[in-house]
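Please take a moment with the sequence and the model below before reading on. The paragraphs after it are meant to be read with both in view.

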Amino acid sequence: MTEAAYDTDNIFAKILRGEIPSHRVYEDEAVIAFMDVMPQGPGHTLVVPKVPSRNLLDADPSIFGPLFTVVQRIAQAVKKAFSADGVTVMQFNEPASGQTVYHLHVHVIPRFNGVPLKPHTGEMEKSEVLAENAGKIRAALTTN
Ligand code: AMP
């Protein structure tokens with residue numbers, strides 16, 4: 001089956017162009033990371049390559065090195081920032097898998113023993129809480 005084309009007006013493309021706000025925790029020439037607005041747990045962060053692709057299926061594999069280098073750094077930072085017991089890394093491809101935003105991204109979620117994840121795309125978190133959590137992750141990144 002042929003997948004849909006990349007939509008340049010998807011929400012992460014708008015965040016990348018600075019047209020809508022985000023709580024950014026990291027940026028380099030190839031990748032940005034910002035807080036998920038409907039977190040499945042405190043500190044839920046999205047790691048997003050700047051180069052456009054709909055998801056992993058159509059991505060140029062040359063991005064995976066830079067992308068997963070940042071995924072690892074963010075995973076280490078959220079574990080430290082939230083004193084987490086572990087970290088879940090997730091990535092969805094096409095609607096059947098649960099993908100809702102069609103620009104490649106990786107979810108990085110701190111995990112705590114015995115605490116289940118909240119539902120995917122559940123409740124919006126308050127902007128103040130996201131800002132505070134972003135600050136904790138930025139602080140952990142600078143001391144890593
Ligand atoms: P996926 O289902 O893997 O495509 O995940 C998309 C994620 O993007 C969900 O976890 C949403 O909560 C999140 N999301 C949607 N809109 C925004 C936004 N404007 N800023 C940050 N995260 C968003």
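What follows starts at the ligand and then turns to three residues elsewhere in the chain.

The model is a predicted one, and a good place to begin is the ligand, which sits in the largest pocket. Around the ligand there are 18 residues, and the closest of them are Asp-36, Thr-100, His-105, His-107 and His-120. If this shell is sorted by residue type, it divides into 10 nonpolar, 7 polar and 1 charged. As for where the shell comes from, helix H1, which covers residues 11–16, and strand E2, which covers residues 31–35, each supply at least two of its residues, and the largest share, 3 residues, is that of H1.

Which atoms of the protein come within a few ångströms of the ligand's own nitrogen and oxygen atoms can be followed residue by residue. At Val-37 it is the backbone that takes part, since one of its N or O atoms lies 3.4 Å from a nitrogen atom of the ligand. At Val-101 the backbone takes part as well, with a polar atom 2.9 Å from an oxygen atom of the ligand. At His-105, by contrast, it is a polar atom of the side chain that lies 2.8 Å from a ligand oxygen. Taken alone, the ligand would expose 500 Å², and the protein buries 93% of that area.

Away from the ligand, consider Glu-94, whose place is in the loop between strand E4 (86–90) and strand E5 (106–111). Is this residue buried or exposed? Glu-94 has a relative accessible area of 9%, and because this is under the 20% cut-off, it counts as buried. Its side chain also has a partner, for a polar contact of 2.8 Å joins it to the side chain of Asn-55.

Two alanines, each in a helix, can be read in a similar way. Ala-81 is found in helix H2, which covers residues 64–81, and its relative accessibility of 21% lies between the cut-offs of 20% and 50%, so it counts as partly exposed. Ala-140, in turn, is found in helix H3, which covers residues 127–142, and it is buried because its relative accessible area is 6%, which is under 20%.

Each alanine can also be set beside another residue to relate sequence to space. Ala-81 and Gly-114 are 33 residues apart in sequence, and their C-alpha atoms are 19 Å apart in space. Ala-140 and Glu-29 are 111 residues apart along the chain, and a distance of 21 Å separates their C-alpha atoms.

Key
Residues are numbered from 1 along each chain as its sequence is written. This is a predicted model: local features need pLDDT of at least 70, side-chain atom pairs count only at pLDDT 80 or more; totals for chains, interfaces and linings use all residues. Side-chain values use heavy atoms; hydrogens and water are left out. A residue is near a molecule or strand if one of its heavy atoms lies within 4 Å of it. A polar contact is a pair of N or O atoms within 3.5 Å; within protein, one must be able to donate a hydrogen and the other to accept it, and residues adjacent in sequence count only if both atoms are side-chain atoms. Accessible areas come from the Shrake-Rupley method with a 1.4 Å probe; for residues, only the protein chains shown count as cover. On a 1 Å grid over the protein atoms alone, a cavity is a set of points where a 1.4 Å probe fits but cannot get out, and a pocket is an open set with protein on both sides within 12 Å along at least five of seven lines; lining residues have an atom within 4 Å of a point. A molecule sits in a cavity or pocket if more than half of its atoms lie within 2 Å of its grid points. Helices (H or I, at least four residues) and strands (E, at least two) are DSSP runs, numbered from the N terminus. Ala, Val, Leu, Ile, Met, Phe, Trp, Tyr, Cys and Pro count as nonpolar, Asp, Glu, Lys and Arg as charged, and the others, Gly among them, as polar. Buried means under 20% relative accessible area, exposed over 50%, partly exposed in between (1.4 Å probe, protein chains only).
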